[in-house]
Amino acid sequence: MNRLAPEHLEILVREPFQYLSAIENAGAIFLGPYSSEPVGDYFAGPNHVLPTNGTARFSSPLNVDDFIKKSSVIYYSKDASLRDGEKIMALARHEGLDAHARAIQIRLEKEGNPRG
């Protein structure tokens with residue numbers, strides 16, 4: 001099932017909870033004979049918007065986090081920049097983003113790093 005990554009997965013066995021930890025890729029998992037797809041889609045489930053066509057391998061069902069705006073906050077110290085600057089430049093150059101590498105190089109040169 002993990003490779004198939006179904007939109008809906010019904011586990012209809014005597015002890016369905018014993019298999020739950022083995023499931024990594026499914027949009028919605030229905031456990032036991034009374035937890036059918038319509039129960040989850042219309043009444044007990046959080047919503048009916050689920051990843052389809054195997055996209056449950058890398059995507060999750062629609063949830064409250066999809067409606068919350070988030071920002072990444074990055075702070076790098078001078079010491080960390082000097083320590084990791086060359087690695088950052090190498091990654092940027094590997095992706096062909098020379099201006100990104102140059103942005104780091106300028107900062108390293110400003111700090112007197114001769115290798116920047």
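Start with the whole chain: buried residues make up 25% of its 116 residues, where buried means under 20% relative accessible area, exposed over 50% and partly exposed in between, using a 1.4 Å probe and protein chains only. You are looking at a predicted model, in which local features need pLDDT of at least 70, side-chain atom pairs count only at pLDDT 80 or more, and totals for chains, interfaces and linings use all residues. To find your way, count residues from 1 along each chain as its sequence is written, and note that side-chain values use heavy atoms, with hydrogens and water left out.

**Stop 1: the whole chain**

Keep everything selected and turn on the cartoon. The protein chain has four helices and two strands. These are DSSP runs numbered from the N terminus, with helices being H or I of at least four residues and strands being E of at least two. What order do the elements run in from the N terminus on? They go β-α-β-α-α-α.

Now look at the outline. Taken along the principal axes, the C-alpha atoms fill a box of roughly 70 × 30 × 25 Å. The radius of gyration of the protein chain is 24 Å, whereas a compact globule of 116 residues would have one near 13 Å. That radius is taken over C-alpha atoms, and the globule rule is 2.2 Å times the number of residues to the power 0.38. Among contacts with a separation of 6 or more, 30% come from residues 24 or more positions apart; contact means heavy atoms within 4.5 Å.

**Stop 2: Ala5**

Next, select Ala5, in the segment before strand S1 (8–11). Is Ala5 buried or exposed? Ala5 is buried, with a relative accessible area of 0%. Check its backbone too: phi is near 50 degrees, a positive value in a residue other than glycine. Most residues other than glycine have a negative phi.

**Stop 3: Ala22 and Tyr34**

Move along to Ala22, in the loop between helix H1 (17–20) and strand S2 (28–31). Ala22 counts as partly exposed, at 46% relative accessibility. Add Gly112 to the selection and draw a distance: the two C-alpha atoms are separated by 53 Å, for residues 90 apart along the chain.

Tyr34 is the next pick, in the loop between S2 and H2. Its relative accessible area is 74%, so Tyr34 is exposed. From Tyr34 to Glu24 the C-alpha distance is 22 Å, with their positions 10 residues apart in sequence.

**Stop 4: the loop between H2 and H3**

Select Asn53, found in the loop between helix H2 (37–44) and H3. Here is another positive phi in a residue other than glycine, near 55 degrees. Asn53 is exposed, with a relative accessible area of 76%.

Phe58 also lies in the loop between H2 and H3. Phe58 is exposed as well, at a relative accessible area of 67%. Leu91 is 33 residues from Phe58 in sequence, and their C-alpha atoms are 24 Å apart.

**Stop 5: helices H3 and H4**

Finish by selecting residues 78–94 (H3) and 98–110 (H4). These helices pack at an angle of about 160 degrees, with their axes 8 Å apart. The axes are lines fitted to C-alpha atoms, for helices over the stretch in contact, and angles run from 0 to 180 degrees between N-to-C directions. H3 and H4 are therefore roughly antiparallel to each other, a label for angles over 145 degrees. Their crossing is left-handed, which applies if the near helix is turned anticlockwise from the far one by less than a right angle.

Which residues of H3 and H4 meet? Show side chains for Ser81, Leu82, Gly85, Glu86, Ile88, Met89, Ala92 and Arg93 in H3, which meet Asp98, His100, Ala101, Ile104, Gln105 and Leu108 in H4. By class, this contact has seven nonpolar, four polar and three charged residues. Ala, Val, Leu, Ile, Met, Phe, Trp, Tyr, Cys and Pro count as nonpolar, Asp, Glu, Lys and Arg as charged, and the others, Gly among them, as polar.

Last of all, click on Glu109 in helix H4. Glu109 is partly exposed, with a relative accessible area of 40%. Glu109 and Leu82 are 27 residues apart in sequence, and 9.9 Å separates their C-alpha atoms.

Conventions:
Angles under 35 degrees count as roughly parallel, over 145 as roughly antiparallel, 65 to 115 as roughly perpendicular and the rest as oblique.
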